[in-house]
Amino acid sequence: MIRVPVLLGDRSYDVLVGHGARHRLLEVLPDGAQRAAIVTQASIPWSVDAGIEQKVFTIGDGEDTKDLGTVEDLCRDFARWGLTRGDVVVAVGGGLVTDLAGFAAAMYHRGVPVVHVSTTLLGQVDAAIGGKTGVNLPEGKNLVGAYWQPHAVLCDTETLETLPPREYRNGLGELAKYRFLGAPDLLDLALDERVAACVRVKADVVASDEREGGRRMILNYGHTLGHAVEAASRFELRHGEAVAIGLVFAAELAWRLGRIDRARVDDHRATVAAYDLPMHIPPGIDLDEVRTFIGRDKKAVHGITWVLDGPSGVEPVRGVDPALVDECMEAVRA
Ligand SMILES: NC(=O)c1ccc[n+]([C@@H]2O[C@H](COP(=O)([O-])OP(=O)(O)OC[C@H]3O[C@@H](n4cnc5c(N)ncnc54)[C@H](O)[C@@H]3O)[C@@H](O)[C@H]2O)c1
């Protein structure tokens with residue numbers, strides 16, 4: 001088992017990565033936890049044994065489930081069961097389950113501890129770590145949420161054996177991202193090491209900027225356009241696929257701004273290609289709609305903040321000419 005600490009003072013926790021990590025659940029539960037509310041989905045063929053009294057709460061599947069209505073349903077179920085702050089919520093699933101159960105845990109009784117048992121590649125390298133929780137509104141993804149650090153995270157690589165190939169590819173989009181954020185070349189590593197290498201980068205960034213005051217924004221590399229394209233595709237494109245397109249777009253934009261050379265753009269394209277991910281905005285996606293979704297990006301405080309590669313690495317960049325953005329969108333259009 002590989003142990004990666006996330007250092008956040010009295011909210012520090014460990015991420016355990018490895019085959020069968022879910023069997024370590026009892027040892028990572030908060031001291032004295034009496035009962036565990038297990039939140040999962042019917043389509044996830046893995047169960048956990050918390051080693052204390054537990055009850056399973058099953059939520060639906062798909063981004064439509066990730067809304068305030070499901071949070072309310074879950075909190076009402078918790079209340080009927082009598083869950084208290086001395087208990088624990090255990091999220092068993094991908095990013096959807098950990099985002100939603102994490103948010104419900106943050107809200108219920110003004111906060112109960114949550115442990116994430118992540119069962120998707122995207123969840124293990126990204127969503128389960130760092131304490132961002134939340135749900136969607138019809139107006140956009142993840143527009144309502146809270147920072148709520150988990151008590152521990154278990155990344156059980158055995159659970160990835162049943163992950164549908166498309167979901168696996170989806171996680172590869174985030175793996176590709178870490179290549180530009182300081183992770184070593186991951187393609188030659190064993191799966192546990194690959195996941196742990198990404199977790200180390202994420203843990204380091206989160207520890208230095210928990211609430212996205214600055215550096216944490218680099219984790220959104222490829223995401224500003226990615227989120228917009230994902231939403232404009234009505235979630236036909238999976239998150240990781242949209243991020244892959246966003247990485248190539250970001251490289252094109254950085255090149256047009258003179259921040260990187262053409263070889264670095266090619267490096268982005270080669271990395272995305274190595275993971276067999278898309279690098280073009282598919283036909284049928286309305287670019288006007290993509291622009292609208294970009295404008296709603298949570299980082300759009302005073303204009304859009306892009307996250308772009310450059311001489312000192314990936315960093316937030318403001319004040320980019322919208323005409324250049326349009327040019328790059330055309331450049332990555334199929
Ligand atoms: N909080 C964050 O920092 C963060 C970061 C990135 C993404 N996210 C969020 O994560 C969500 C996407 O997460 P995801 O890609 O993990 O998708 P997901 O959670 O929707 O899971 C995809 C599908 O795989 C199924 N599944 C999960 N584990 C399985 C397994 N081991 N075997 C078989 N099927 C399994 C699920 O039931 C679901 O049908 C999005 O809502 C996104 O906004 C959050």
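A residue is counted as near the ligand if one of its heavy atoms lies within 4 Å of the ligand. The legends below describe a predicted model.

**Figure 1. The shell of residues around the ligand.** In this predicted model, 28 residues surround the ligand, and those that come nearest are Gln41, Ser43, Glu63, Thr120 and Thr162. By residue class, the shell consists of eight nonpolar, ten polar and ten charged residues. Four elements of secondary structure each supply at least two residues of this shell: helix H3 (95-107), helix H4 (121-127), strand S8 (140-147) and helix H5 (165-178).

**Figure 2. Polar atoms beside the ligand.** This view shows where nitrogen and oxygen atoms of the ligand meet Ala127, Lys132 and Lys141. A nitrogen atom of the ligand lies 2.9 Å from a polar backbone atom of Lys132. A backbone N or O atom of Ala127 is 3.5 Å from a nitrogen atom of the ligand. With Lys141, the side chain takes part: one of its N or O atoms is 3.0 Å from an oxygen atom of the ligand. On its own, the ligand has 870 Å² of accessible area, and the protein covers 92% of that area.

**Figure 3. The protein as a whole, for orientation.** The protein contains eleven helices and eleven strands. Its C-alpha trace spans about 55 × 40 × 35 Å along the principal axes. A compact globule of 334 residues would have a radius of gyration near 20 Å, and the value of 19 Å for the protein agrees with this. Of the 334 residues, 58% count as buried. The accessible surface comes to about 13,500 Å², and carbon and sulfur atoms account for 50% of it. Where contacts join residues at least 6 apart in sequence, 71% of them link residues at least 24 apart.

**Figure 4. Asp156 and its surroundings.** Asp156 belongs to strand S9, which comprises residues 152-156. Is Asp156 buried or exposed? Its relative accessible area is 0%, and a residue counts as buried under 20%, so Asp156 is buried. The side chain of Asp156 reaches the backbone nitrogen of Glu158 at 2.9 Å. Beyond its neighbours within four places in sequence, Asp156 is in contact with Gly18, His19, Gly20, Ala21, Arg22, Ser118 and Gln124.

**Figure 5. Glu174 in helix H5.** Glu174 is located in helix H5. This residue is buried, because its relative accessible area is 0%. Which residues does Glu174 touch, not counting those up to four places away in sequence? They are Leu122, Val125, Asp126, His223, His239 and Val243.

**Figure 6. Gly130 in a loop.** Gly130 is part of the loop between helix H4 and strand S7 (132-137). Its relative accessibility is 0%, and Gly130 therefore counts as buried. Gln149 stands 19 residues away from Gly130 along the chain, yet their C-alpha atoms are separated by 6.3 Å. Apart from residues up to four places away in sequence, Gly130 touches Tyr13, Gln149, Lys202, Val206 and Arg216.

**Figure 7. Gly182 in a loop.** Gly182 is found in the loop between helix H5 and helix H6 (191-208). Is Gly182 buried or exposed? With a relative accessible area of 63%, above the limit of 50%, Gly182 is exposed. Gly182 and Gly32 are 150 residues apart in sequence, and their C-alpha atoms lie 38 Å apart in space.

**Figure 8. Positive phi at Asn142 and Arg234.** Neither residue in this view is a glycine, but each has a positive phi. Phi is about 55 degrees for Asn142, and Asn142 is placed in strand S8. For Arg234, phi is near 55 degrees. Arg234 sits in the loop between helix H7 (223-232) and helix H8 (239-256). The relative accessibility of Arg234 is 53%, so this residue counts as exposed.

Methods: Residues are numbered from 1 along each chain as its sequence is written. This is a predicted model: local features need pLDDT of at least 70, side-chain atom pairs count only at pLDDT 80 or more; totals for chains, interfaces and linings use all residues. Side-chain values use heavy atoms; hydrogens and water are left out. A polar contact is a pair of N or O atoms within 3.5 Å; within protein, one must be able to donate a hydrogen and the other to accept it, and residues adjacent in sequence count only if both atoms are side-chain atoms. Accessible areas come from the Shrake-Rupley method with a 1.4 Å probe; for residues, only the protein chains shown count as cover. Ala, Val, Leu, Ile, Met, Phe, Trp, Tyr, Cys and Pro count as nonpolar, Asp, Glu, Lys and Arg as charged, and the others, Gly among them, as polar. The radius of gyration is taken over C-alpha atoms; the globule rule is 2.2 Å times the number of residues to the power 0.38. Buried means under 20% relative accessible area, exposed over 50%, partly exposed in between (1.4 Å probe, protein chains only). Contact means heavy atoms within 4.5 Å.
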